[in-house]
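Ready to find your way around a new structure? Have the viewer open, try each exercise on your own, and then read through the worked solution.

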Amino acid sequence: MEVAIMLYNGITALDALGPYEVFAAVTGSKVKFVAKDKGLIKLDSKMGYLHADYSFSEVTSADILVVPGCRPPNYKTPMNDKNTLNWIRQIHETTKWTTSVCTGSLILSAAGLLHGVKATSHWSSFDLLHSLGAIPTDERVVRQGKIVTAAGVSSGIDMALQLVAWESGEDMSKAVQLILEYDPMPPFDSGSPKKAPAPVVEQLRGMLQELEKQDPDL
C-alpha cells in the first residue's frame, strides 16, 4: 500500500501525523511525505517542522493520497498554487482513495475534486467549503466514491483506521488501533460545536474569523 501524504508550509502536524501513525503500522505499507520541494516544512504553530523526503516530481502515483489541513489562513497558499493543484489532480487519477483531513478538503475543492460532492472539514470552514462547490456535512468521516474526507484534526486517525479496514480487513485495523492504544477518553465532552458551551464556540469562531482575514505568514 503506497501512501502519499502531502505537506506544505503552515500545515497542522497531527493532520499529517495521525494518519501516518496508522498507515505506518500496517505491514507492507510505504508512507511518503511529499511536498512541492523537498526539505523542512514549517508547522502552523511555528514551533517545529516536518520533513518532506520527496518532491512532487518524484511521486506520480499512490494508492492513497492524504491532504492534511491547517489553521486559517494557511490553506490559501496551496489553494492558489497551480503546481500543487495540478499534482493533486494527477495523483487522484491513480489513487484507490483520495482523502483529506480538516481544512485539507478546501484544498481538494480548489483542485476541483469536490464539486457537488458531500464532504466534511473543520466545522468553522463549512461556509467556505460550500462556496467552493462542495456539500458540507458534519459527519466525522464522509465517503463519496473513492473520496474520503475527515473533519477536524483528530478525525484523521479515525479516517485512516477506516481505510485500513477497507484495504486490509477489520482485524488489521483493530490491531493497529490497539498498537496505538487509541482509546480516547477526553476530560471534557466539548469536541464539536454541538457539544461545546455556546460562549466557547462563539469565542473560538471569532478568533478563527480574524485569522481568516490575515495573509499567510509563513
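A salt bridge here is a side-chain nitrogen of Lys or Arg within 4 Å of a carboxyl oxygen of Asp or Glu. Keep in mind that you are looking at a predicted model.

**Exercise 1. Salt bridges**

Find out how many salt bridges there are by this rule, then work out where the partners of aspartate 44 and arginine 71 lie.

Solution.

- Start with the count: the rule gives 11 salt bridges. The background idea is simple: side chains of opposite charge can pair when their charged atoms come close.
- Now pick one of them. The side chains of aspartate 44 and arginine 71 meet at 3.7 Å, N to O.
- Next, place the partners. Aspartate 44 sits in the loop between S3 and S4, and arginine 71 in the loop between S6 and H2, so this pair ties together parts that are 27 residues apart in sequence.
- Check burial, too. Aspartate 44 has 13% relative accessibility and counts as buried, while arginine 71, at 45%, is partly exposed.

**Exercise 2. Two further pairs**

Look up the salt bridges of lysine 195 and arginine 205. Is lysine 195 buried or exposed?

Solution.

- Lysine 195 pairs with aspartate 189, with 3.6 Å from N to O.
- The cut-off for exposed is over 50% relative accessible area. Lysine 195 has 52%, so it is exposed, and aspartate 189, with 55%, is exposed as well.
- Arginine 205 pairs with glutamate 202 at 3.8 Å, N to O.
- Both arginine 205 and glutamate 202 belong to helix H8 (residues 198-212), where they are 3 residues apart, or about one turn of the helix. Arginine 205 is partly exposed, at 29%.

**Exercise 3. Unusual backbone spots**

Which peptide bond is cis, and where in the chain are lysine 46 and cysteine 102?

Solution.

- First, the general rule: most residues other than glycine have a negative phi, and most peptide bonds are trans.
- The cis bond joins proline 72 and proline 73, with omega about 0 degrees. Proline 73 is found in the loop between strand S6 (64-67) and helix H2 (76-79).
- Lysine 46 has a positive phi, near 60 degrees, without being a glycine. Its place is the loop between strand S3 (39-42) and strand S4 (49-52).
- Cysteine 102 is not a glycine either, and its phi is positive at about 55 degrees. This residue lies in the loop between strand S7 (97-101) and helix H4 (104-110). With a relative accessible area of 4%, cysteine 102 is buried.

**Exercise 4. The core**

How many residues does the largest nonpolar core have, and which residues does leucine 7 contact?

Solution.

- The largest nonpolar core has 57 residues, and those with the most contacts inside it are Leu7, Phe23, Trp87, Ile88 and Ile107.
- Helix H6 (residues 155-168) supplies the largest share of this core, 6 residues.
- Zoom in on leucine 7. Skipping neighbours within four places in sequence, leucine 7 contacts Ala16, Phe33, Val34, Ala35, Ile41, Leu50, His51 and Ala52.

**Exercise 5. A helix pair**

Describe how H6 and H7 cross and which residues make the contact.

Solution.

- The axes of H6 and helix H7 (residues 170-179) come within 7 Å, crossing at roughly 145 degrees. The crossing is right-handed.
- On the H6 side, Leu161, Val164, Ala165 and Ser168 make the contact; on the H7 side, Glu170, Met172, Ser173, Val176 and Gln177 do.
- Sort these residues by type and you get 5 nonpolar, 3 polar and 1 charged.

**Exercise 6. Two buried residues**

List what surrounds alanine 119 and serine 109.

Solution.

- Alanine 119 lies in strand S8 (residues 118-119) and is buried, with a relative accessible area of 0%.
- Apart from residues up to four places away in sequence, alanine 119 touches Leu114, Leu129, Ile135, Pro136, Thr137, Val142 and Thr149. Take valine 142: the C-alpha atoms of alanine 119 and valine 142 are 5.9 Å apart, though 23 residues separate the two in sequence.
- Serine 109 is in helix H4 and is buried at 6%.
- Leaving out neighbours within four places in sequence, serine 109 contacts Leu114, Leu129, Leu132 and Ala134. Among them, Leu114 and Leu129 also appear in the list for alanine 119.

Key. Residues are numbered from 1 along each chain as its sequence is written. This is a predicted model: local features need pLDDT of at least 70, side-chain atom pairs count only at pLDDT 80 or more; totals for chains, interfaces and linings use all residues. Side-chain values use heavy atoms; hydrogens and water are left out. A nonpolar core is a set of buried Ala, Val, Leu, Ile, Met, Phe, Trp, Tyr and Cys residues joined through side-chain atoms within 4.5 Å. Buried means under 20% relative accessible area, exposed over 50%, partly exposed in between (1.4 Å probe, protein chains only). Helices (H or I, at least four residues) and strands (E, at least two) are DSSP runs, numbered from the N terminus. Contact means heavy atoms within 4.5 Å. Axes are lines fitted to C-alpha atoms, for helices over the stretch in contact, and angles run from 0 to 180 degrees between N-to-C directions. A crossing is left-handed if the near helix is turned anticlockwise from the far one by less than a right angle, and right-handed if clockwise. Ala, Val, Leu, Ile, Met, Phe, Trp, Tyr, Cys and Pro count as nonpolar, Asp, Glu, Lys and Arg as charged, and the others, Gly among them, as polar.
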